[in-house]
Amino acid sequence: MKRLLVLSIMILCLTVNLAYADIPEITAVDFYPNGAKFIFTLRTEDGTFNAEIPGAFQAGSVRMIDPNNFDDVKIFRQSREEWIPESLEAMKKELESHKQTLREFRTRQSALEHTLTLLKNAEPPTRTDAKDIIAYIQMSEAMKESSENELAELKLKIDEVSKQAEILQSELDKRKPVNSDSFIQISGHIKSGNEIQFEAFTSNAKWKPEYTMNLDSHEGRISTRIQSRASQNTGLDYTGNVTFHTKRPNENVSAQELKPLKVSIKQKERSRGNVMYDEAVPMVIEERNYYAMDSAAPKRAPEPQMQATLSDHVIAGRGTLTGDNIEALFMHGELELNGTVILELIPEHRSDAYILVSMDNKNTALIPGDAELLVDGMPAGKTSIPEYGLSQKKIVFGYAPQITVKKDPVISTTGSSWFSGTNSGGFTLKVTNGTNEHRRVTVRDILPIPTDERIKLEVKRIDPAPKERDRENKLTWEIELDAGETKTILVDYTLSYPSNEELQFSR
């Protein structure tokens, strides 16, 4: 009785404590690649506070803003019955209704199976006339048939309700707060003022940026819409400003010293019977919204609020986040990027042209993310955007099927003399502009590179001459083509090598 009384008092105290807990307001959210930081605000009239936040937050991450203004701050996690936010109450009630229906169905199923067992084992009375026996058998068969039919229908209902319950349970598990059987309590005393602010981090949040990039293939302009998808399942809803970060602040930052590099004579291994051993001591080493760019295009949104620092890229947004893991879309605005369109043909890879945009001189830094690509308002594909800066690489916007190249080998001859062998080779490139407009295209191919000094490469003819031939024998041409025009590039070369050897090509 004494233990029961103590337990009752503890429960009562906990209930009173929770009843008087302050409910903090979320005033800002910062998303990081592996979670989110929430800023909470609450007011107090008497200088003391006792707040609670869901168990989805990390107790060790709670930080008082302006910590010198507080005394006797306590932060600890407590257990409680599973908490379901109001937005999921209807789903939970529906799930409980299905579970109750299943219990009733299974009770009836057990009764029917028991009845069928009795009917199967029952024997007709022996001290009755034949008429009564026949009536008994008929009644027994009718009851058996009725029970079997009801049982079959009941099993179908059980399967149907079970599937519905499984779907609801799976959805509820996915959307309910993590660690919903606990909460974090924050209490203390504020020295001056009556507004308390603190932050807490949860790993149960995620976000990703997305782009819709529409290339004007004539001007090289890329109209870019930026949006983010974000979700969190702390159980708390929030509407307001959200900041998205590409990096989370490091928890443990320290500078490393450059250690001396030591060199010594390696000890030779000696044999001891069948065992080899080393005299040296081992060293331990530490370690989809398509849009056309015309008069019907929607009004341009404001430019996104983006900021690049030495250690982070951030983008600001505003919207509503529900605490049940439902993905929310944040529209950040539009910006216009300028680049140079390059139609590049590489016959070693494919016969049609790559649509590339070089933005090597662009100053705007983009956050890495997925992009939906359009060329002149028409869908062209999808790609991933890396983190771009001043030395940005090219963006591939898809392929131009009407601009093609066909590569044919020049008929090669192979021969030998007493002293050397020869391999006369080469190729032609037929470049075609199948569009109805004048186009400039870049064509890339390659000559073999001798890796043995006994192999000599003699270039007989390259017509037209390439714009560039680099140290790896990569050739680059820039070709002007009128609408429907085809031009031919000829590359002719000879390889000389010892007559008793054979050439082998590899990449």
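What follows looks at the confidence of a predicted model, one of its sheets and the surroundings of one threonine.

Confidence comes first. Across the chain the pLDDT averages 82, and 78% of the residues reach at least 70. Residues 4–20 are another story, with pLDDT below 50 and 7 contacts in the model beyond near neighbours in sequence. A further stretch, residues 415–419, also stays under 50. For residues 415–419 the model has 8 contacts beyond four places in sequence.

Now to the sheet. Three strands line up in the order S3-S6-S5, giving an open sheet with antiparallel pairing. The edges are taken by S3 (48–54) and S5 (70–79); each has a single partner strand, so one side of each is left without a neighbour in the sheet. Going from one strand to the next, the twist averages 15 degrees. S6 covers residues 182–190 and pairs with S3 over 7 bridges, in the antiparallel sense. To pick out one position, Ala51 has Ile186 in S6 as its bridge partner.

Further along the chain sits Thr486, part of strand S27, which spans residues 486–498. With a relative accessible area of 42%, Thr486 counts as partly exposed, because that value falls between the 20% cut-off for buried and the 50% cut-off for exposed. Leaving aside residues up to four places away in sequence, Thr486 touches Lys430, Val431 and Thr432. With Thr432 there is also a polar contact, side chain to side chain, at 2.9 Å. Asn433 is 53 residues from Thr486 along the chain, yet the C-alpha atoms of the two are separated by 6.4 Å.

Technical notes
Residues numbered from 1 in each chain as written. Predicted model: local features only at pLDDT ≥ 70, side-chain atom pairs only at ≥ 80, totals over all residues. Heavy atoms only, no water. pLDDT = per-residue confidence, 0-100. Contact = heavy atoms within 4.5 Å. Pairing = 2+ DSSP bridges. Helix = DSSP H or I, 4+ residues; strand = E, 2+ residues; numbered from the N terminus. Axes fitted to C-alpha atoms, helices over the stretch in contact; angles between N-to-C directions. Buried < 20%, exposed > 50% of the residue type's maximum accessible area, 1.4 Å probe, protein only. Polar contact = N/O pair within 3.5 Å; in protein donor to acceptor, adjacent residues only side chain to side chain.
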